[in-house]
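Here is a short report for a first look at this structure. Start with the view below, then read on.

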Amino acid sequence: MSDILKQLRKVIREAALANASDIHLKADRLSYIRNAENQLIPLGPEQLPQYPQTDDILALLQTLSPRMYDRVSACQDSDVSDSVDGSADIVFQDQKEQDFRMRLNAYYDYYGLSLAIRILKNNVPPMPALGLPIEIQQLKDKTEGLILFYGATGSGKTTAMYSFVDTINHEDTKHIIMLDDPTEIILKSDKSPISQIEVGLHCSSFASGLRSSLREDPNIIAVGELRDQETIATALKAAETGHLVISSIHASSADEVVDRILQYFPAAEHPQRRGELSKSFLAAVGCRLFERIGGGRVAAYETVLRNTAIVSMLRDGDTTHVQDYMNANNGMQSMDQAIAALRFHHLIK
């Protein structure tokens, strides 16, 4: 084992135990770690070489993920991701400290190859521990419809979505199919049989994986992200035909969710897609993370729930008053209200 690999093994171990989220190795530059307080801290030379070369990072990649190494070294793909078990011998030898995975992202820039390592814990907090509103928790008993988690990258929407699915896994007997790119968290089947399908490894795309899943007798389909026309169209159809569909989408507000969905379709199809969305929609959950007083992070959630007014807005394409309905406290909650609640309970500044 090379010296840099030994050092990286120790850094990853310490990062996982300290709830750090990311490690960054960049050719010919300093290495960094993002700690539990979301601060980017440079690593000293006693932790990792401060100016590794592209060949050094390629050698690490060859051990961490041979599949990813082949893709990067063969075609110099500028952006390649993979998830690997944290239980690999290069990381941990102590059996009690293996409950995590790593998401690797390799990319080239002006200086050479960079490697971003995201530490992913396999244990998902239950919905009450995350602070998800009770109205969202109660939707776990629904048998069909669409639930969307939205927010920016790193907003906590993936964790919230996995927590929702894992609660069903522990409490009910449903056939759950999950599609992700890459698979970030491995859920252990409890009462529910779970199939986790990774795009690029087990299927060619979200759309193809979703089409196949409809032939596999699912009760619940969780799609990591809605990001193309065919995936969205198939998800809407599945949600209308006896499946509970849970997914995420990049959007900064509730009214932007609809615009994001419609942008993938020609204008002539917008009335049809709005109609499909209005029929299948159950809820949308906006997610944002904040630094918690005393350390760590805490999430704020805004919620939009299905009712007659929301269905009409979705169908007619006028979502300008969604914010008013969230603020009216009719089971919904705006982001401003969620943030105010966190401050009231002295969780954030």
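Which residues does Phe-164 touch, not counting residues up to four places away in sequence? In this predicted model, Phe-164 touches Met-127, Ile-136, Leu-139 and Lys-140. Ile-147, Phe-149, Leu-244 and Ile-246 complete the list.

Phe-164 belongs to the largest nonpolar core, which has 67 residues. Phe-149, Phe-164 and Val-304 touch the most other members there. A second core is separate and holds 28 residues, including Leu-5, Val-72, Leu-104 and Leu-115. In soluble globular proteins, nonpolar side chains tend to be buried together.

**The sheet**

Seven strands form an open sheet with mixed pairing. Their order is E9-E8-E10-E11-E7-E12-E13. Strands E9 (194-198) and E13 (297-305) stand at the edges. Each has a single partner strand, so one side of each lacks a neighbour in the sheet. On average, neighbouring strands are turned by 20° against each other, direction ignored.

E12 (residues 281-291) pairs with E13 in the antiparallel sense, over 9 bridges. One pair can be named: Val-285 has Thr-303 in E13 as its bridge partner.

**Helices on the sheet**

Helix H7 packs on the sheet, touching E8 (176-180) and E10 (220-223). Helix H10 lies across E7 (145-151) and E12. The table gives their directions.

| Helix | Residues | Strand compared | Angle |
|---|---|---|---|
| H7 | 206-213 | E8 | about 170° |
| H10 | 270-280 | E12 | about 85° |

How values were computed:
Residues numbered from 1 in each chain as written. Predicted model: local features only at pLDDT ≥ 70, side-chain atom pairs only at ≥ 80, totals over all residues. Heavy atoms only, no water. Pairing = 2+ DSSP bridges. Helix = DSSP H or I, 4+ residues; strand = E, 2+ residues; numbered from the N terminus. Axes fitted to C-alpha atoms, helices over the stretch in contact; angles between N-to-C directions. Contact = heavy atoms within 4.5 Å. Core = buried A, V, L, I, M, F, W, Y, C linked by side-chain atoms within 4.5 Å. Buried < 20%, exposed > 50% of the residue type's maximum accessible area, 1.4 Å probe, protein only.
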